[in-house]
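Me: I am new to reading protein structures, and I would like to know where the descriptive words come from. Could we go through them together, with the reasoning spelled out?

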Amino acid sequence: VQAALFDPADEVRVAAIRVLFERQDAVPLASALAWLPAGQGHSRALAIRALFELRVPECAPSLAVALVRAPGASPVGDDEAALLKLLVGAGAAEPAGEVIEELLVALADERDPVADRAEELLVLLAPFGTEDVIAELSAGASPYRAAAVLAQIKDTRALKPLMDGLHHRDSRVRAGCAEALGELRDPAAVEALIHARRDPE
């Protein structure tokens with residue numbers, strides 16, 4: 001049945017999705033969103049609807065991987081993003097934590113579409129995972145991307161790490177931290193930003 005999800009015929013994929021739904025087997029359905037085509041046939045929309053109805057939080061990590069690592073450069077669709085948010089919000093701490101771990105790994109991916117989708121989903125899931133994004137800024141593999149996420153989240157918990165980031169060795173991180181501090185609009189950042197004006201880059 002799971003192999004039928006790869007079938008080129010939409011009718012076969014639809015039949016497989018119906019069987020998996022009846023068996024309440026959500027993980028293969030979540031993983032299938034990595035390759036089920038959008039705008040061609042009914043299989044993708046049916047898989048999303050089935051996952052909404054099943055609401056199995058344990059499939060959230062598989063869904064996160066499928067969404068960020070999908071081929072192509074398309075952003076995450078609204079329905080898919082809403083589904084991930086629902087599963088993370090309704091789930092236990094362990095699967096939700098795994099989702100954030102997967103997204104942070106994807107944030108450092110050298111392929112821009114993958115990292116862009118990870119950024120998008122980390123912003124969507126905030127405030128869940130914000131502490132992990134702050135830690136990524138301070139000691140992770142992609143501090144530049146973490147600063148970009150924090151600029152959109154606008155969480156005051158990031159104030160001190162962002163001010164510290166103004167001294168990062170990478171000029172992109174310094175610029176991203178300055179932008180994020182501007183978005184926070186916290187008067188405590190003014191002096192640090194004034195000093196940052198001396199940065200030649």
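Me: What makes F6 count as exposed?

Reply: Happy to help! Keep in mind that this is a predicted model. F6 has a relative accessibility of 55%, and exposed means over 50%. F6 therefore counts as exposed.

Me: Why is W35 called partly exposed?

Reply: The relative accessible area of W35 is 32%. Buried means under 20% and exposed means over 50%, with partly exposed in between. W35 is therefore partly exposed.

Me: How many aromatic pairs does a search of the whole structure find?

Reply: The search finds one aromatic pair. Its members are F6 and W35, with 4.1 Å from centre to centre and 10° between the planes.

Me: What makes F6 and W35 an aromatic pair, and why is the pair called stacked?

Reply: Let's take two steps. A pair of aromatic rings is described by the distance of the centres and the angle of the planes. For F6 and W35 the centres are 4.1 Å apart, and rings pair if their centres lie within 6.5 Å. The angle between the planes is 10°, and planes under 30 degrees apart count as stacked, so that word applies here.

Me: How do you know that this pair links distant parts of the chain?

Reply: Look at where the two residues sit. F6 is in the segment before α1 (10-22), while W35 is in the loop between α2 (26-32) and α3 (43-54), and 29 residues separate them.

Me: Now the helices. Which elements does the protein chain have?

Reply: The protein chain has 12 helices and zero strands. Its C-alpha atoms fill a box of roughly 65 × 30 × 25 Å along the principal axes. Of the 201 residues, 44% are buried.

Me: Why are α1 and α3 called roughly parallel?

Reply: Their axes cross at roughly 10° and come within 9 Å. Angles under 35 degrees count as roughly parallel, and α1 and α3 therefore earn that description.

Me: Which residues of α1 and α3 meet?

Reply: On the α1 side there are D10, R13, V14, I17, R18 and F21, and on the α3 side S43, L46, A47, A50, E53 and L54. By class, this contact of α1 with α3 has seven nonpolar, one polar and four charged residues.

Me: What makes α4 and α6 roughly parallel to each other?

Reply: You can use the same kind of check. Helix α4 (residues 60-68) and helix α6 (residues 93-107) have axes that cross at roughly 20° and come within 8 Å. The cut-off is under 35 degrees, so α4 and α6 are roughly parallel. The crossing of α4 past α6 is right-handed.

Me: Which residues bring α4 and α6 into contact?

Reply: A60, P61, A64, V65 and V68 of α4 meet P95, E98, V99, E102, L103 and A106 of α6. The contact of α4 with α6 is made up of nine nonpolar, no polar and two charged residues.

Me: How do you know that α9 is roughly parallel to α11?

Reply: The axes of helix α9 (residues 143-153) and helix α11 (residues 171-184) cross at roughly 10° and come within 8 Å. With the limit at under 35 degrees, α9 is therefore roughly parallel to α11. P143, Y144, A147, L150 and A151 of α9 make the contact with R172, V173, G176, C177, A180 and E183 of α11. Those residues divide into eight nonpolar, one polar and two charged.

Me: Is K154 buried, partly exposed or exposed, and how do you know?

Reply: K154 sits in the loop between α9 and α10 (159-165). Its relative accessible area is 46%, and partly exposed covers the values between 20% and 50%. K154 is therefore partly exposed. K154 also has a phi near 60°, a positive value in a residue other than glycine.

Me: What makes R185 exposed?

Reply: R185 has a relative accessible area of 71%, and exposed means over 50%, so R185 is exposed. R185 lies in the loop between α11 and α12, with a positive phi of about 55° although it is not a glycine.

Me: And why is R197 called exposed?

Reply: The relative accessible area of R197 is 71%. The mark to pass is over 50%, so R197 is exposed. R197 is found in the segment after α12 (190-196).

Conventions:
Residues numbered from 1 in each chain as written. Predicted model: local features only at pLDDT ≥ 70, side-chain atom pairs only at ≥ 80, totals over all residues. Heavy atoms only, no water. Axes fitted to C-alpha atoms, helices over the stretch in contact; angles between N-to-C directions. Helix = DSSP H or I, 4+ residues; strand = E, 2+ residues; numbered from the N terminus. Parallel < 35°, antiparallel > 145°, perpendicular 65-115°, else oblique. Left-handed = near helix turned anticlockwise from the far one by under 90°. Contact = heavy atoms within 4.5 Å. Nonpolar A, V, L, I, M, F, W, Y, C, P; charged D, E, K, R; others polar. Buried < 20%, exposed > 50% of the residue type's maximum accessible area, 1.4 Å probe, protein only. Phe/Tyr/Trp six-rings, centres within 6.5 Å; stacked < 30°, edge-to-face > 60°.
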